[in-house]
Amino acid sequence: MTTDGPLIVQSDKTLLLEIDHPLSGECRQAIAPFAELERSPEHVHTYRLTPLGLWNARAAGHDAEQVVDALVRYSRYAVPHALLVDVADTMDRFGRLRLEQDPVHGLVLRTTDRAVLEEVVRSKKVSPMLGTRLDPETVIAFPSERGRLKQALLKVGWPAEDLAGYVDGEAHPISLLQDGWELRDYQQMAVDGFWHGGSGVVVLPCGAGKTLVGAAAMAQAGATTLILVTNTVSGRQWKSELLKRTTLTEEEIGEYSGEKKEIKPVTIATYQIMTTKRKGEYAHLDLFGARDWGLVVYDEVHLLPAPVFRMTADLQSRRRLGLTATLVREDGREGDVFSLIGPKRYDAPWKDIEAQGYIAPADCTEVRVTMTDAERLAYATAEPEERYKIAATAHTKIAVIEKLVRRHDGDQVLVIGAYLDQLEELGEHLDMPIIQGSTKNAERERLFDLFRRREIPGLVVSKVANFSIDLPEAAIAIQVSGTFGSRQEEAQRLGRVLRPKADGRSAHFYTVISRDTVDQEYAAHRQRFLAEQGYPYTIVDADDVLAG
Amino acid sequence: MSSRESTSTPRSLADSLRGWPDDRLARLLQARPDLALPIPPDLGVLAARTAVRLSVLRALDTLDAYRLGLLEALCLEEHPLSYDDVRALAGPEADAGLDNLADLALVWGDRHAVHVVGSIRDVLSGSARAGRPLADLLAEHLNGRLAPVEQALGVQGAEEVVTALTDPGRVEALLAQGGDDVRTVMEQLAAGPPYGRVRDARRAPTPDDMDSPVRWLLGHGLLVAIDDDTVELPRELGLMLRGMTKLRASASPPPLATSKIGVPQVDRAAAHEAMDVVSKVEAMLESWADLPATVLRAGGLGVRDLKRVAKELDVTEPAAALFVEVAYAAGLVDSSPGVDPEWLPTQAFDRWVASPPEDRWLLLVRAWIGMTRLPALVGMRDERDKALAALSQDIERSSAPVDRRRVLDLLRESPPGTAVTQEAVIAVLAWRAPRRGGRLRDQLPSWILGEAATLGLTGRGGLASFARDLLDGQDRDAAHTLAALLPDPLDHVLVQPDLTVVAPGPLERHLARELAIVADVESTGGATVFRVTEETVRRALDAGRSSADLHELFRTASRTPVPQSLTYLIDDVSRRHGRLRVGSSTSYVRCDDEALLTEVLASKRAGQLGLRRLAPTVLTSKAPINQVLEVLRSLGHAPAAESPDGAVLVARPDARRTAAKQRATRHGEPAPLADEQARLAVLALRAGDLAARAARRAPVTVSHTVDTLAFLQAAAREGRQVWIGYVDAQGRNTSRVVEPRTVEGGYVTAYDHLRQEDRTFSVHRIIGVADVEAD
């Protein structure tokens, strides 16, 4: 006996959602608050129930009954009773412990369940962060340990609900300048979700306007803000976007980087400068205390380096907003993001946003070239660690790349690679300027600017282009080599061309690989993430490209 | 007892049994089947057997709390109580209860004096035992120290103390005076055992030393100190208090509390679990076929292998132990023969896998219900702190099937579509048979309920309708009901661009098997998610599928368009597949001179070597090196041997199986007797009894053969029954009543009342004869 629901609950706690089912939209809304979207390929999306996701849902005000109800209502087959019990048990663990602000004692850890408090105060990992026991239900927590305490409590399986609130920080009026544009629905929902939750992470695809979510959050906070970004160029883009979209002026925004050390009401700092050590000490930790920040924004939170995590642990009384395209961290530290930045407050499948027209549709194509016999021999006899480079930089690729660029004559093209000599060779063949690690920031900006003004047809870029650089006009990306099998990198690179085009054209994302080599294997691995996001790859043969 | 019987008062249990009608005897044998194993020769032996401790223990195990209470009450007094006495203590239901105890031959006598079978008193000591009579206690322990008690009660001398304390009105007044604490202590001791421990018990009580209830009671003689730290409640007072508190157990069981769930909900949940069990057992055994678990030296399955099962199936270890045990009980797995035995699927497994899911489930569950093992014990420690292993002798418990049946039958009584809590089941079973299960009494039901839920007999706490059919013995109906609950097998899947294949439900067997070859299972449950990788495609090609087969499989099975990435993957792998060739040969011949090899190949004599030219300069041969060398030498060449070993086997060995061993059938508890069996047993008993009584009058001297012959011939003529004493082939002396038919050639053919058939006896073995009917 089965009902005809769109959802199938698996015994490993994954949920399969059949997209073509008429109830799938309704079901997705019901399960999105508590289940993590793991894969969203064309027909069946996979969600996963994790303790973290369930606690996220609790933190956002959902209870176990809603979760169980959603699972039972939409499930096609009987939901294993044990799974439902487990869901209820897991959710019940959240909120037994609460971090509160006590008028007399300051920060305290309070419980509704004495046994739980007994357990955690006895835990070796937790007890050093707690002070005297005030009464059976309450124990003093050291404010300086607020973040680490939350981390430790999460690890012992009793996540604390942080109700201790936030300091408002130094007020600084900021508002959005919505002249000729307005915040999109999903951006507004993301900001609302974040603000009501206090702190947390917003997950949006590349190109969906995460900067604007940040700006709107700043306007909502109306306070001094510290923005942490991946690199200087991306920092400058933040700055120009803020100038354009908000009432902030040049005077109010400071850059804190290797080049400049400005501290202003809104300060943009790079991860790199924060992790720079001098004499074994982090040299720029003072920045966090330099002002009474009311909001800290972490751009590309999935790349947040471990030392910044540790610094963040000290910032628990400040509101924190994380922005990212994917919560999947290659280092598996999603739990730290949850406890230190905050729970996920908003996310939406890429394809949904594409359907709303906010990101450009993209065609992903894998072009396979066959190496010449000489190249194959070189490849076959190379040391294993050299093989990827040999395959990825095979000379045979050049002709195909040229052909692809010519095919899209008139479009702005990005050629992205990882090996400098290959990039130089390409730059020469295609007659395009090259931007790489050693290119000075001023030169980079000049070239990006030329590109944006369509004065050059394209750019050959190295890994520097993996991170947020805003090139709305780029419609074609050709990937020639990469960092082995990094799925993260693939997503970022695709993100470069997803900005919606003025005429609604599709973007094209090409990956040129050498057939029957590790290049092809890595490509398969890299593509998995995008395939899971619903971007299928078409495979074509280089001969067809050359002939066409 | 009941009016059916002779009015004369029986003198003993045997005497009483002789007065029973046949049908009552038959019911006794049915209620206590162990009495009929083997069928006792006569009623005297039957009576003796009913009093054997082990048999009594078995019988007591089947009694409910009320009837057990009646027995305990009867044991309190040394002298037999009357029905009226017991009714006063236990209420109007006592009559029926006592009749029933009599039917079970646990008590005998008549309405005025109910005798308890002797050994019951020993067995029921402890809780039922009352203390010693007050007079004895006073004489033994308070001799000369009676003054404080006399003073407290205002009487003189031991006799007056006894009189005062055996007067119910007086005692009730005393207890009222003592207060609630005092009464609580008394009631506890009255409930048995009648001893309490207290410090400094012998300290002489003084009027102002009555601070604690116990001291107060000691001071009033209601308790007696029997040594420095023990007090005893005198018999009279214990009985009096029990009379006051009445019989503890109620005459009817606690109601089985149920909560409404709904039949479809219960059935769906249970069917889901049922399917899960079937697929998990299959997965476990498939895994063992590839990588068998080792059999421990002491027998059983090692902890590491059990953990492996738990991990692979993603279940808890107790659930893993259950699956292992059930698979074993169902004969799907057994240890392989040999020096290092391994646990391997049996041939029966292949048949099981091929049968429809509902039948597969039925086989597992039938095996579970009947198995004389307790999987829940796996992992617990025995008295030597050794962990009990799955599949070992340690967890053999002959009572397990009966215990399981009791729990399931109770569930069967709950209305369909309702859930029953574990607590309710435990409470009802504790009333129904308080003594059963011993130490594990209240744990067993919770284990059994847990296992029933895991196996899909219950869903959301209620018994599924197909499980009800099964318990009623309607296997076909059960299979039918279950099959209707299971989702129909699908003939299609969804193939996705990320190379996953989603089967949104159970697949048809053929499709499932093909997919399992060409893809790895990533997650299971309501649906199955497969992932196709280079490796799995290669595996499929190795298994003999061609790339065209694979394309065809996905094209026909996929409801969504086959993504190009999959098409390419299959083509890529198949293009590379087989470019490198691996084969086996026993030896090779190589030579830089191609012409020489051609010459060897061309020679007639080399034909026997099975030579094959792999390359211009290499030949392979099926013959061993020595033979090749020999033949080449005989052809006039001078070959040199090269590295003698070179054979590589590539074929994957066949999936491994073992033969299921003949298992020693273990008898659980004695099986109940069918009506016909019971009737026959009573017939035999009667015959035996007849013989036994005749034997008492039989001639003690050995009859002379001539006399014997004459006697038997006369009996045969007249069709009389006679008693014969007979020495059988093993030299055992037996006696039986027979009806001789013919006497000739040194043999007597006679109808044997014991065996109920004609038998032949050698005349020279007959040691005595006597008439029966003169009795």
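In strand 4 of chain A, His45(A) is the bridge partner of Leu17(A). Strand 4 covers residues 44-48, and five bridges join strand 4 to strand 2 of chain A, with the two running antiparallel. Strands here are DSSP runs of E with at least two residues, helices are runs of H or I with at least four residues, and both are numbered from the N terminus. Two strands pair if DSSP finds at least two bridges between them.

This is a predicted model, in which local features need pLDDT of at least 70, side-chain atom pairs count only at pLDDT 80 or more, and totals for chains, interfaces and linings use all residues. Residues are numbered from 1 along each chain as its sequence is written, while chains are lettered from A and ligands numbered from 1 in the order in which they are written.

**The four-strand sheet**

Strand 2 and strand 4 belong to an open antiparallel sheet of four strands in chain A, ordered 1-2-4-3. Strand 1 and strand 3 (36-39) are the edge strands, each pairing on one side only. From one strand to the next, the twist averages 30 degrees. Helix 1 (residues 24-31) of chain A lies across strand 1, strand 2 and strand 4, and runs at about 155 degrees to strand 2. Axes are lines fitted to C-alpha atoms, for helices over the stretch in contact, and angles run from 0 to 180 degrees between N-to-C directions.

**The two chains**

A residue is buried if 20 or more other C-beta atoms, placed from the backbone, lie within 10 Å of its own. Two residues are in contact if their C-beta atoms, placed from the backbone, lie within 7 Å.

| Chain | Helices and strands | Buried residues |
|---|---|---|
| Chain A | 22 helices, 25 strands | 51% of 548 residues |
| Chain B | 33 helices, 24 strands | 39% of 775 residues |

In chain A, 72% of the contacts between residues at least 6 apart in sequence join residues at least 24 apart.

Where do the chains meet? The contact takes 27 residues from chain A and 26 residues from chain B. On the side of chain A, strand 1 (7-9), strand 2 (14-18), helix 21 (518-532) and strand 25 (537-541) each give two or more residues.

**Strand 19 of chain A**

Six of the eight residues of strand 19 (residues 362-369) are buried, so strand 19 is largely enclosed by the rest of the structure. Eight bridges join strand 19 to strand 24 (residues 507-514), and these two run parallel. Here Cys364(A) has Phe509(A) as its bridge partner. Strand 19 also pairs with strand 25 in the parallel sense, over five bridges. There Glu366(A) is matched with Ile539(A) as its bridge partner.

**Cores and helix 25 of chain B**

A nonpolar core is a set of buried Ala, Val, Leu, Ile, Met, Phe, Trp, Tyr and Cys residues joined through C-beta atoms within 7 Å. The largest has 263 residues, and those with the most contacts inside it include Val415(A), Ile478(A) and Val324(B). Helix 16 of chain B gives the most to this core, with 12 residues. A second, separate core of 65 residues includes Trp108(B) and Val738(B).

Helix 25 (residues 475-485) of chain B has the buried residues Ala478(B), Ala479(B), Thr481(B), Leu482(B) and Leu485(B). Seen down the helix axis, they fall within an arc of 165 degrees, so they line one face of helix 25. The arc is that of the directions from the helix axis to the C-beta atoms. These buried residues pack against helix 16 (263-290), helix 20 (357-370) and helix 24 (465-471) of chain B.

Definitions and conventions:
Buried ≥ 20, exposed ≤ 12 C-beta atoms within 10 Å, placed from the backbone.
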